[in-house]
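Trainee: I should like to go through the terms used for this structure and learn what justifies each of them.
Mentor: Then let us set each value against its criterion.

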Number of protein chains: 2
Amino acid sequence: MKIATLSIGDELLLGEVVDTNAARVAARLADAGLAVGRHLTVGDDEREIAAAIELLARDHEAVIATGGLGPTDDDVTARATARATGRRLVLNEEAMAGLTAFFARRGREMHPANERQCLLPAKAGIVPNPTGTASGFHLVHEGCQFVFLPGVPAEMVRMLEESAVPLVLAQRKDRLRVRTKVLAVFGLSEAEIGARLTGIDRTRPGLTIAYCVEYPVVQVKLRAAGQSDGEIDTLLAEAIPLVRERLGDQIVAEDGDTIDTTVARLFRETGMTLALAESCTGGLVSKRITDVAGSSAYFLLGAVTYANGMKESLLGVPSHLLAEKGAVSAEVAKAMARGARRLAGSDLALAVTGIAGPEGGSSEKPVGTVFIALSDGSGCTVKVYHFSGQREQIRTITAVTAMDWLRRRLRTV
Amino acid sequence: MKIATLSIGDELLLGEVVDTNAARVAARLADAGLAVGRHLTVGDDEREIAAAIELLARDHEAVIATGGLGPTDDDVTARATARATGRRLVLNEEAMAGLTAFFARRGREMHPANERQCLLPAKAGIVPNPTGTASGFHLVHEGCQFVFLPGVPAEMVRMLEESAVPLVLAQRKDRLRVRTKVLAVFGLSEAEIGARLTGIDRTRPGLTIAYCVEYPVVQVKLRAAGQSDGEIDTLLAEAIPLVRERLGDQIVAEDGDTIDTTVARLFRETGMTLALAESCTGGLVSKRITDVAGSSAYFLLGAVTYANGMKESLLGVPSHLLAEKGAVSAEVAKAMARGARRLAGSDLALAVTGIAGPEGGSSEKPVGTVFIALSDGSGCTVKVYHFSGQREQIRTITAVTAMDWLRRRLRTV
């Protein structure tokens, strides 16, 4: 079934508002096994909207449109639809009754401008809006099912669920279903992952593998399409073990999880506690740990020791180490981790020291040189990395690498 | 000039990713006085992309497209463009040289899959990508200037600024110039700002005021359009003082600056030093301070004391205060600020303690209750806030409020 979505609003074309409705509608349809083939955005312009309706009707069996149903002069979706479909604009009695009831329930007087919202194309069906004044409507034009919803996200989402999705499903002739499995991968580039997974989808009709980079993590999406749940189960049951085998321990999270929530879950499951000593990441690792609600149960202390004096006085890093090896060194990273662990009395302590740039690099230790150390009851591990990119990227990949150290360490508990 | 934008990616049509690129491109073009008339999204499908190119070329003078330039099999934008424009796909020497240099700079081996990214339509011009492997390209088809950029936002934004906007502007035939003055406002809602600025643009043809919310900051954009620089100068010279007068000290940054870079500049100018003690923000304020390069000159210490024990042992918060007043209290906030200042020996110390939720609230101290304290040589100020929203929003507005405290304090130095 070929479906399109249409967003209507000047604010979208001016970039003043990010179009979250398009993604929400698409995600809801995908969950129902309906794939959106094209999305179009036009402004609050009668001619443009009418042209969009004609264009989409030509190639699609269903269109879900959002926006332009408000009470003000710049809301022209209904008028444009009447024009495109060769219908008159009439006062819709059902919409009017709904609007009157809406205001009565709230004990409010109806503003005359709201009446405008009941002027809809002749013979359109009503999509009730339980939480707002903009009635939705639906009609079939040139064999294509059009559903028009208001742009206010909260109203739209409810009407999508209660009316629009059932209307489109009723129109569907095929029975294709789709399910997606998501694996978050860290430590391999998109190209490297693509090379490792070569062939898995080519030999399996119905299976596609897509990649989505959320630097420095790559989301690998296995999408299985089939006529039945059983067919999809089989496709995924075959593909997932192959993908796991080829990506192994580089898979850091699955489905709704991120590396941060995976680490949080491992802390909760193991009962371990954490202290952090950060230099170049400047609180970024602490922020990621505390982004997850409930982190106070295991996160005892984060020490952002930007100044060398603080590394000495607070974490007990010996001044001779700082003088001889420099603040960015394996020795100092280890001393920071040990010091943080002692200070907080935590099970684990992780330390980060490095040069995020753009200043501060040298030929011996260029920008991007980062030491990460992890101290526990039995010892202290340290490793040097040479990251590339801008300051922001170096800090981000350092923080994710630190999270990955915690993930790997906690899995051995 | 009729401009369209085109986003390419299955993840967009599946609703897995919200299309922020479309809004970013549109906003940047609007700042340059160029209005987007239509936006289209298609999947990673050769036929669909080719159809979109043909469709948009018919009615537009310029198209900026994003996405589908990655190294894997599902990236087919270049191939589709070759098909739509009747060109061969050739290995572009300039793109190849750029990619080789990119890997050389990073000291990394180039993966063979990356070579695929240099297969571009014959005679396309290159849009250099300084921060990634996907080269952009541009070509004119049926009188329409097409510019193709990668979908990775950080790479896209830079290439848009450096190459795509100049390419489109060069194509423009009319002589209307536009300049935009941006003022970042904190502490007022979009509606409140709109009410304060009423009338300023209505009486001045050529001047428009637009708002763009980057929670919790609102960007106020004064766009002046005219036939000459002099005309634009006059418009802005009249409007800016009026806007400043009506928004006063709520303006926290201007033009390329943010509240974070404004605070950084004030620290450099005053020579003051800083320590932070964070509880509910968990390192977020430290992160914002250290996002700015050179912050090591004034940022001595950030202590993320999530656990009460750490507030006692590290910052010297008296245990009876914690027991009697609770960790989220004016008294503890002040003791944290004083303790951090003593520990670091800094000129200023700022402390944050609060309840970010979703758990931990009570009727007396509901989720969103936050205390901020600032200690300097002469005393310690504290204030309570009652923020609303989700955990993420509460943490963000708390961090921005803390930055605003620093901004206001440093301006009095």
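**Helix packing, strands and contacts**

Mentor: In chain A of this predicted model, helix 10 (residues 259-270) of chain A packs against helix 15 (residues 391-411) of chain A at an angle of about 35°, with the axes 9 Å apart. The crossing of helix 10 of chain A and helix 15 of chain A is left-handed.

Trainee: Which residues make the contact of helix 10 of chain A with helix 15 of chain A?

Mentor: Helix 10 of chain A contributes A:Ile259, A:Asp260, A:Thr262, A:Val263, A:Leu266, A:Phe267 and A:Thr270, and helix 15 of chain A contributes residues including A:Val400, A:Met403 and A:Leu410. By class, this contact has eight nonpolar, two polar and four charged residues.

Trainee: Why is helix 2 of chain A called roughly parallel to helix 7 of chain A?

Mentor: Helix 2 (20-31) of chain A and helix 7 (residues 153-171) of chain A pack at an angle of about 25°, with their axes 11 Å apart. Angles under 35 degrees count as roughly parallel, and therefore helix 2 of chain A is roughly parallel to helix 7 of chain A. The crossing of helix 2 of chain A and helix 7 of chain A is right-handed.

Trainee: What residues of helix 2 of chain A meet helix 7 of chain A?

Mentor: A:Thr20, A:Asn21, A:Arg24, A:Val25 and A:Arg28 in helix 2 of chain A meet A:Pro153, A:Met156, A:Val157, A:Leu160 and A:Val165 in helix 7 of chain A. The contact of helix 2 of chain A with helix 7 of chain A has six nonpolar, two polar and two charged residues.

Trainee: What makes helix 3 of chain A oblique to helix 4 of chain A?

Mentor: The axes of helix 3 (residues 46-59) of chain A and helix 4 (residues 77-85) of chain A come within 8 Å and cross at roughly 50°. Roughly parallel requires an angle under 35 degrees, roughly perpendicular one of 65 to 115, and roughly antiparallel one over 145. The angle meets none of these criteria, so helix 3 of chain A is oblique to helix 4 of chain A. The crossing of helix 3 of chain A and helix 4 of chain A is right-handed.

Trainee: How do the residues of the contact of helix 3 of chain A with helix 4 of chain A divide by class?

Mentor: They divide into five nonpolar, two polar and four charged. Among the residues of helix 3 of chain A in this contact are A:Glu46 and A:Ile49, while those of helix 4 of chain A include A:Arg79 and A:Ala80.

Trainee: How do you know that strand 10 of chain A pairs with strand 11 of chain A?

Mentor: Strand 10 and strand 11 (residues 217-226) of chain A are joined by eight bridges in the antiparallel sense. At least two bridges are needed for pairing, so strand 10 and strand 11 of chain A count as a pair. One bridge partner is A:Val220 in strand 11 of chain A, set against A:Tyr211.

Trainee: What makes strand 10 and strand 12 of chain A edge strands?

Mentor: The open sheet of four strands has the order 10-11-9-12 in chain A, with antiparallel pairing. Strand 10 (207-214) and strand 12 (251-254) of chain A each pair on one side only. From one strand to the next, the twist averages 25°. Helix 9 (residues 229-247) of chain A packs on the sheet, touching strand 9 (177-186), strand 10, strand 11 and strand 12 of chain A.

Trainee: How do you know that strand 2 of chain A pairs with strand 2 of chain B?

Mentor: Strand 2 of chain A and strand 2 (residues 36-42) of chain B share five bridges in the antiparallel sense. The requirement is at least two, so these strands pair across the two chains. A:Thr41 stands opposite B:His39 in strand 2 of chain B.

Trainee: How many residues are in contact between chain A and chain B?

Mentor: 62 residues of chain A are in contact with 65 residues of chain B. Helix 2 of chain A gives the most to the side of chain A that touches chain B, with eight residues. That side divides into 35 nonpolar, 18 polar and nine charged residues.

Definitions and conventions:
Residues numbered from 1 in each chain as written. Chains lettered and ligands numbered in written order. Predicted model: local features only at pLDDT ≥ 70, side-chain atom pairs only at ≥ 80, totals over all residues. Axes fitted to C-alpha atoms, helices over the stretch in contact; angles between N-to-C directions. Contact = placed C-beta atoms within 7 Å. Nonpolar A, V, L, I, M, F, W, Y, C, P; charged D, E, K, R; others polar. Left-handed = near helix turned anticlockwise from the far one by under 90°.
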